[in-house]
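Work through the exercises below with the sequence and the model side by side, trying each task before reading its solution.

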Amino acid sequence: MKITKVETVYDGFYKLRKLTLNNGQQELVRERFEPGQAVAALVYDTNTKEYIFVRQYRIGAESEVVEIPAGMLDKSGESAEDALRREIQEELGYEVDRLEHIVKMFPSPGGSAEQIDVYYAEVSRQTGAGGGVVDENENITIVRLGWETLLQTELRDAKSLLAVQWRQLQLSK
């Protein structure tokens with residue numbers, strides 16, 4: 001496959017591009033959603049022995065979703081680790097003690113260019129209230145779960161499922 005033409009269809013909060021491709025025999029037209037690059041982490045409080053999630057309304061699900069904290073790499077020159085530390089502070093109010101990279105993934109490569117760096121983070125010091133950034137219209141509820149409760153919690157978010165399954169594998173070693 002070779003991309004022969006790229007057109008911007010929409011350039012707002014997200015971008016939508018129309019791509020013309022040639023597969024050697026015919027020309028194909030596809031749309032690609034471009035939300036940007038994101039970071040996310042399964043956060044574990046080493047003092048309380050709880051995993052810390054967020055609950056917030058997600059437009060794609062048209063409902064509130066329990067998920068690991070996440071955010072976009074949207075500040076110029078900011079590394080994935082720095083963006084994640086900022087997001088954990090904004091959403092949970094915690095300073096990060098330790099980060100471990102799990103995977104860089106495409107959550108839906110069939111039509112989206114989004115990539116997410118998923119991490120495991122350990123925290124022990126809550127220095128703020130969390131809940132998100134008011135200027136960004138975030139309305140986040142902090143959800144604390146013990147391991148057994150977490151395993152019984154319905155998760156419908158792919159990055160959260162991946163991170164929890166990764167943790168299960170780590171704990172079984």
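**Exercise 1: a helix and its buried side**

Check whether the length of helix H3 agrees with its number of residues, and find where its buried residues lie.

Solution. Helix H3 is a DSSP run (H or I, at least four residues, numbered from the N terminus), and it holds 14 residues, 158–171. The expected span is 1.5 Å times one less than the number of residues, so H3 should span 20 Å, which agrees with its end C-alpha atoms being 20 Å apart. The buried residues of H3 (under 20% relative accessible area, 1.4 Å probe, protein chains only) are Lys159, Ser160, Ala163, Val164, Trp166 and Arg167. They cover an arc of only 155° around the axis, taken from the directions from the axis to the C-beta atoms, and therefore lie on the same side of H3.

The model is predicted, with local features needing pLDDT of at least 70 and side-chain atom pairs pLDDT 80 or more, while totals for chains, interfaces and linings use all residues. Residues are numbered from 1 along each chain as its sequence is written, and side-chain values use heavy atoms, without hydrogens and water.

**Exercise 2: the whole protein**

Describe the order of helices and strands, and then the extent and burial of the protein.

Solution. Begin with the three helices and ten strands (E, at least two residues), which follow the pattern β-β-β-β-β-β-β-α-β-β-β-α-α along the sequence. Next, the C-alpha trace spans about 60 × 40 × 30 Å along its principal axes. Finally, 39% of the 173 residues count as buried.

Note on methods: Buried means under 20% relative accessible area, exposed over 50%, partly exposed in between (1.4 Å probe, protein chains only).
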